[in-house]
Amino acid sequence: MSMAETLPPVTQQGLELGPANRKKTTGALLYLDDLKVTFDGYRALRGLSLSLDRNEMRAIIGPNGAGKTTMMDCVTGKTRPDTGTALFDGTHDLLKLDEPAIADLGIGRKFQKPTVFESHTVADNILLALKGPRAGVASLFGWRNRVEAESIDEILTVVGLLPHRMRPAADLSHGQKQWLEIGMLLAQDPKLLLVDEPVAGMTDAETEATAILLRTIAKDHAVVVVEHDMAFVRALGCRVTCLHEGAVLAEGSIDSVSADPRVVEVYLGR
Amino acid sequence: MARTRLIDPKGWIFLAALAAICVIVPLLNLGFPPGSALHLPTYLVSLFGKYLAFALLALALDLVWGFCGILSLGHGAFFALGGYAMGMYLMRQIGSRGVYGNPILPDFMVFLNYKDLPWYWLGFDHFAFAALMVLAVPGLLGFVFGWLAFRSRVTGVYLSIITQALTYALMLAFFRNDMGLGGNNGLTDFKDLLGFNVQAQGFRVSIFVATGVALAIGYLIARFMTVSAYGKILIAVRDAESRTRFLGYRPEHFKTLAFTISAMMAGVAGALYVPQVGIINPGEFAPTNSIEAVIWVAVGGRGTLVGAALGAVVVNYAKTVLTGVMPDAWLFALGALFVVVTLFLPRGIVGTAMEKFGGRRAAATLPPEPEIPPQLAEEGQGS
Amino acid sequence: MTRFLALLLLLIAAPACAQAPSPYEKFASDNYSDIDAGVAGLAASGDPRAGDILAALSDGRLFYRPADKTLFIKQGPALSDARTGAPAPADDGLKLVRANTRIRRAIEAAQGQLNLASPNAGRRREAADAVFKARDVAALPALDAALARETDASVKRTLTEARAAVLLVKPGTSEGDRLSAIPPIQARGDGDAMGALRGLSADPSEAVRAAAAKGIAAIETKLALLNAAQNVWYGVSLGSVLLLAAIGLAITFGVMGVINMAHGEMVMLGAYTTFLVQELIRAKAPGLFGWSLAISIPCAFVVAGAVGVLIERFIIRFLYGRPLETLLATFGVSLALQQTVRSIFGPTNREVGAPAFMSGAFDLFGLSVTLGRMWIVAFSIAVFFGLMFVLRKTSFGLKTRAVTQNRRMAAAMGIRTPYVDAMTFGLGSGIAGIAGVALSQIDNVSPNLGQSYIIDSFLVVVFGGVGSLWGTLVAALTLGVANKLAEPYFGAVLAKIGMLVFIILFIQKRPRGLFALKGRAVES
């Protein structure tokens, strides 16, 4: 529908940032520095800084209100921080882009509460998430109307929802919706996946399967996982960042973080 | 990939029924002489034609309300603008046959001492230009209004309120004599369209059939849009607008497109309505008219297209009958209809039938009925 | 000219006037000049019966008996002595005192002068004002005389102005006098004063012309300011009407989030309640009429509030969380209510009377303030703060706010949320009913009364920011004033259209209105 949409994202970005800022300032895929967010006087983020490498998986832990979801909101454009820097791929200033533009750069998100399109079938949910042109006219006549069933079924097989492909998503169980949303992330094929509490409401076996799936995905994608389930976090086998009161409290391997007395104090409990 | 067919069973029934009345009505009118038991008087042909024009308006409204959650309380504005575009053409066709016999200026302009035709009347003596304007004027207004509103993420009742304000503002504007569009009285006393006398029986039958064809085309366009990937995204926007943004879609583009197409359809409906009723005046902009159109869609079943058209015909038929029998009862009946449909028949006639006979899957893409009011379950997504 | 000379003489010798030879005989004549002189003499005499005699002459009811030149006034069949007012027997030999155009003009001038000498200060000021407007040179002597004996400061000022205006048009006034006549006229500062000064544009003296131009400019500035102030007042008045109509909605829509399209009909019910209360008072206790509005207020609150509670219990309750469905259902209710009222009271306007304290106007520094409007402004402010008090300071208000902020938690704490919902909705509807009492004073009481306010009310609430009472106040006043300030330039309809378009565009810019609530809860 508009010119802007058909332009490659880098050009769009370049126009906004100007030549001076186009130089890569960091090698990290996601670079957050000193993010501050205030809601009606409540300081949700108080100078959060975080850096994530290409193809790195990172687990984020922390008590309620630590700012985990707010951080994801900032990265995906849902919330505008008061101050701070958020760079993607070293060149893209995330704070100047809106949600679709950020998604277009290759940042996908799974919400804490599974958010799928309930009126649509499982297969259509995947169809809508599939990587490809997002313009209105394109969807009216274009490629997305001629997607082969196989490419969708492939993803549904990975997330184990193939038998349910024609069911309305509203009919799925909570765990199945979680999987469907992960499937939609896969279909989107982003460079960076932000996964908020993926195993809430899952059985132990499902949790284990999810950990394996995420590790597979992390081979060629960067993944940020927010989770409370420490066994699951351990199963991910990645670096862990613990947030507290809107800032990073500790960062390192799961063993070092869980041994950190401050983490034990505020989060894990004695 | 199993795709939804362009024309599903209820679509076939709808199109077949439409084709049937487009044959039977002319046959009964032209084929039997007046006085015959089977003769259908011409005024009834025009009345049915009016219903079909309303059905097209309802279809346009369902496209935006049923599939993208935009409850427009101002679709009467697009309908009226289309009607005015047609009315301006019809006025120019009167030529020197008006009361004042001015070959250029319509009667009301002579009466108001206009010296020249205002610039925006230029071109309306050509049918092709007028036909273009029937699409372009409502389309442009729909595009600009939609783009502004959807880009700013004005949704829900806020949007409904400003659409209502839009049609209200237009009504006030069109009531002014200075608008150069006939003020209070609007445009009327039409003589002919494309050279055919608008009062003639043959014309009345032709425009009836034309309205039926327009309704069928409108249905097919709306259906094509809604079964495509575009339509699926539209439904996704309706149910979880913010989620589509995180998938990289721009809901405002999808909504604006649907709103613009819908406005054009409403404009065509208005243009077909005007020659059949013989007048267009600012009363058509009245907010109440737009809300009444919403109830047609609700009665038939929003998100079903066929239901919207059916609802328009059913409600307007009831209006004709009731206002004839006991005029005072009509507003009570209409008021009760609003209440009863929203409380007890939220899916409307066709939607309820789909649920009953087509099962869960058939009704899955209909607008959802929230089981628990969001207020009661307000944890939301964030923590 | 004899008349003026005579008058002049008489007036200068004012104290002697009463003893001067009677002018009455002059009337007993067929000669217009004599009658003219009689009129002038009578005007100067200060005779309390002079007014009656002149009126009778003007109406062709003044007769004289040629024999003794006695004057009589005919009032219907009755005859009375003009000089004493005593009844007189019928007489066939009377002759009519005739009046032509010249005499009539003389009568008018004389009546003006008589008023200049009236014992009533108000009448004197009016008369002086009339002279100012007419700039009647003939009145100059009378003015001078009146000035000499005037004691009331404000009448004296008006007389001075009138005298200055007359001097300016009188041929032969010296340049010095003309110059000194300008400041009092400039001080008067209204349209007539400007007219008087404009007359000097062809004055031979440059100094006079310059002074007049300066005076005109000063008056223009003053008038422009006054005009703006007047428009602001009209705007405040309109704003208070908008506020009244919208404030109930600020509760049902703003606080509860319910789209009540029947809100306008609650206003309409309030207006009809006022009508019924007045009818009842007229029939049963006419003496209470002055209290009819005060009595109507609680009645309208109860009627509209009760209907509101019924609507909430039977319809809206089932539609919480489905705003668009609520909108449609309540629209249905509004249609039914309109038709109900139409069936009962008929489709035509009903007459609602204004008690004495609502009618009339007063002048405030040159602004004309109608009492009715002033009371409505005061009333709407009172309603606003009353509502504020209920919501902020009462336990009911606390419960309402608790329920709207977190229904579950409120329920868990033992608040009966359905009860609070119904009562809150009833409160909003009741206030709409109260608004109806006020609006019955300035608008037609018809079944369509509510319809004309519903769109405006919604726009006011949305513009102000949903959920913010202060926002509603500011929005109503802003829109009212802006509308009235725009009206002189664009006309009423275009100003209104402009207002609608402005709000449509404003909502694009700030979808949450002027006083938006911030925070995460609002975003979702």
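Reader: Over residues 488-507 of chain C, how far apart are the end C-alpha atoms?

Author: This is a predicted model, in which local features need pLDDT of at least 70, side-chain atom pairs count only at pLDDT 80 or more, and totals for chains, interfaces and linings use all residues. Residues are numbered from 1 along each chain as its sequence is written, while chains are lettered from A and ligands numbered from 1 in the order in which they are written. Helices (H or I, at least four residues) and strands (E, at least two) are DSSP runs, numbered from the N terminus. Over residues 488-507 of chain C the chain is 95% helix and 0% strand, and the distance between the end C-alpha atoms is 26 Å.

Reader: Over residues 365-391 of chain C, what percentage of the chain is strand?

Author: The unreviewed UniProt entry lists residues 365-391 of chain C among its "transmembrane region" annotations; such positions are given in the numbering used here, feature names are shortened, and annotations may be inferred rather than shown by experiment. Over this stretch of chain C the end C-alpha atoms are 38 Å apart, helix accounts for 78%, and strand for 15%.

Reader: Which residue is the bridge partner of C:Leu364?

Author: Strands S6 (residues 361-364) and S7 (residues 367-370) of chain C pair in the antiparallel sense over 4 bridges, where pairing requires that DSSP finds at least two bridges between two strands. The hairpin of S6(C) and S7(C) has 2 residues between the strands, and C:Phe365 takes a positive phi near 45 degrees there. Across the pair, C:Leu364 has as its bridge partner in S7(C) the residue C:Leu367.

Reader: Which strands stand at the edges of the open sheet of 5 strands in chain C?

Author: The order of this sheet is S4-S3-S2-S1-S5, with antiparallel pairing. Inside that order, strand S2 (residues 70-75) of chain C is joined to strand S3 (residues 78-81) of chain C by 4 bridges, and C:Gln75 stands opposite C:Ala78 in S3(C). Two strands of chain C have a single partner strand each, so one side of each is left without a neighbour in the sheet, and these edge strands are S4 (87-88) and S5 (95-96).

Reader: Which residue of S2(A) stands opposite A:Tyr31?

Author: Chain A has an open sheet of 4 strands in the order S2-S1-S4-S5, with antiparallel pairing, and its edge strands, each pairing on one side only, are S2 (42-52) and S5 (92-93). Strand S1 (residues 30-39) of chain A runs antiparallel to S2(A), and 8 bridges join the two. Opposite A:Tyr31, in S2(A), stands A:Ser51.

Reader: What is the radius of gyration of chain A?

Author: Chain A comes to 12 helices and 10 strands, and its C-alpha atoms fill a box of roughly 55 × 50 × 35 Å along the principal axes. The globule rule, 2.2 Å times the number of residues to the power 0.38, serves as the reference for a radius taken over C-alpha atoms. For 270 residues that rule gives 18 Å, and chain A is as compact as a globular protein of that length because the rule's value is close to its own radius of gyration, 19 Å.

Reader: How many residues of H5(A) are buried?

Author: A residue is buried if 20 or more other C-beta atoms lie within 10 Å of its own, exposed if 12 or fewer, and partly exposed in between, with C-beta atoms placed from the backbone. The cover over the buried residues of H5(A) includes H7 and helix H8 (174-188) of chain A together with helix H8 (229-246) of chain B. Helix H5(A) is largely enclosed by the rest of the structure, because the buried count among its 8 residues is 8.

Reader: Is A:Glu154 buried or partly exposed?

Author: A:Glu154 lies in helix H7 of chain A, and its C-alpha atom is separated by 9.8 Å from that of A:Ala187, 33 residues apart along the chain. Because A:Glu154 has 14 C-beta neighbours inside 10 Å, the residue counts as partly exposed.

Reader: How many residues of chain B are in contact with chain A?

Author: Two residues are in contact if their C-beta atoms, placed from the backbone, lie within 7 Å. Chain A contributes 36 residues to this contact, and the number from chain B is 29.

Reader: Which helix gives the most to the side of chain B that touches chain C?

Author: This contact takes 45 residues from chain B and 39 residues from chain C. Helices H5 (127-151), H6 (156-175), H10 (287-300) and H12 (327-344) of chain B each supply at least two residues of that side of chain B. With 13 residues, the helix that gives the most is H6(B).
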